[in-house]
Amino acid sequence: MATLMLYHAAPSRSSIVRWMLEELGEPYDIHLLTLTKGEQHAPDYLAINPMGKVPSLRHGDVIITESAAICTYLADEFREAGLSIPIGDPKRGPYLKWLFFGPGCIEPAMVDRAYPRQEQPRRGTLGYGDYDTVMEVTAKAVAAGPYLMGEQFTAADVVVGSTLRWGLMFNLVPERAEFADYVERLESRPALQRAVTFDQELANATSSS
Ligand SMILES: N[C@@H](CCC(=O)N[C@@H](CS)C(=O)NCC(=O)O)C(=O)O
């Protein structure tokens with residue numbers, strides 16, 4: 001048994017971590033949950049993630065939840081894969097910013113676009129401010145490329161890139177060349193291609209069982 005175990009449902013936000021694991025090249029096991037059967041709310045799983053959500057990652061005795069936290073953890077823990085920016089490097093600041101900006105700003109801006117609120121909160125009360133600014137800031141950041149941190153591909157690309165891929169699929173991000181080109185660069189990575197293929201196989205197997 002590998003020391004890394006991903007609690008996974010395919011496809012879902014745990015696919016973000018599956019891609020990260022494929023980028024790392026470390027062996028890992030999968031514990032599959034069927035969300036439609038409510039397995040994420042079973043007591044055994046709630047003991048792992050009391051939020052009743054995937055992903056969760058077990059690394060030896062350590063349990064980590066929240067996809068961006070898991071990717072940050074893995075990048076630091078397996079430094080030799082080169083997916084992290086180390087403490088002391090001035091680029092660590094912007095790197096962490098993007099790891100938090102993904103789930104803290106891009107994702108909620110997209111979800112509010114998909115399910116508009118009855119009453120729009122004041123801009124100052126929303127952590128992400130407003131949709132247009134989030135998209136403008138993100139588009140500028142991915143425009144130069146090839147990656148968020150320049151030449152180095154990092155865990156921040158896994159987190160932000162996964163969210164933008166999802167946003168493009170469901171028309172929740174604007175049709176801008178910056179997003180399309182960035183996602184195309186990411187989709188040419190063998191690790192993402194492997195993760196997508198594995199997840200497709202899992203999804204097919206689950207739907208036919
Ligand atoms: N903030 C969490 C969100 C996780 C999440 O919402 N996962 C969904 C799948 S995409 C889930 O487990 N849904 C099942 C449920 O809420 O019952 C993360 O990024 O890890």
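A polar contact is taken here as a pair of N or O atoms within 3.5 Å. In the predicted model, the side chain of Q40 satisfies this cut-off, with one of its N or O atoms 2.8 Å from an oxygen atom of the ligand. Two further side chains approach the ligand in this way. A polar side-chain atom of S67 is placed 2.6 Å from a ligand oxygen, and an N or O atom in the side chain of H41 is found 3.2 Å from an oxygen atom of the ligand. Considered alone, the ligand exposes 520 Å², of which 77% is buried by the protein.

The ligand occupies the space of the largest pocket. Its surroundings comprise S12 and R13, L35, Q40 and H41, the run G52, K53, V54 and P55, and finally E66 and S67. Classified by residue type, this shell contains five polar, three charged and three nonpolar residues.

Several of the loops show backbone geometry of note. Most residues other than glycine have a negative phi, and most peptide bonds are trans. Against this background, the peptide bond joining A10 to P11 is cis, with an omega of about -10°. P11 belongs to the loop that connects β1 (4–8) with α1 (14–24). A cis peptide bond is also present from V54 to P55, where omega is near 10°; both V54 and P55 are among the residues surrounding the ligand. The loop that holds P55 runs between α2 (43–46) and β3.

E66, another residue of the ligand shell, is not a glycine yet adopts a positive phi of about 80°. This residue is located in the loop between β4 and α3 (67–77). The helix α3 spans residues 67–77, and S67, whose polar side-chain atom lies 2.6 Å from a ligand oxygen, is therefore part of that helix, a helix being a DSSP run of at least four residues.

Strands β3 (residues 56–59) and β4 (residues 62–65) are paired in the antiparallel sense through four bridges. Within this pairing, R58 has I63 of β4 as its bridge partner. The two strands make up a hairpin in which two residues separate them. In the turn, G60 has a positive phi of about 60°.

How values were computed
Residues are numbered from 1 along each chain as its sequence is written. This is a predicted model: local features need pLDDT of at least 70, side-chain atom pairs count only at pLDDT 80 or more; totals for chains, interfaces and linings use all residues. Side-chain values use heavy atoms; hydrogens and water are left out. Two strands pair if DSSP finds at least two bridges between them. A residue is near a molecule or strand if one of its heavy atoms lies within 4 Å of it. A polar contact is a pair of N or O atoms within 3.5 Å; within protein, one must be able to donate a hydrogen and the other to accept it, and residues adjacent in sequence count only if both atoms are side-chain atoms. Accessible areas come from the Shrake-Rupley method with a 1.4 Å probe; for residues, only the protein chains shown count as cover. On a 1 Å grid over the protein atoms alone, a cavity is a set of points where a 1.4 Å probe fits but cannot get out, and a pocket is an open set with protein on both sides within 12 Å along at least five of seven lines; lining residues have an atom within 4 Å of a point. A molecule sits in a cavity or pocket if more than half of its atoms lie within 2 Å of its grid points. Ala, Val, Leu, Ile, Met, Phe, Trp, Tyr, Cys and Pro count as nonpolar, Asp, Glu, Lys and Arg as charged, and the others, Gly among them, as polar.
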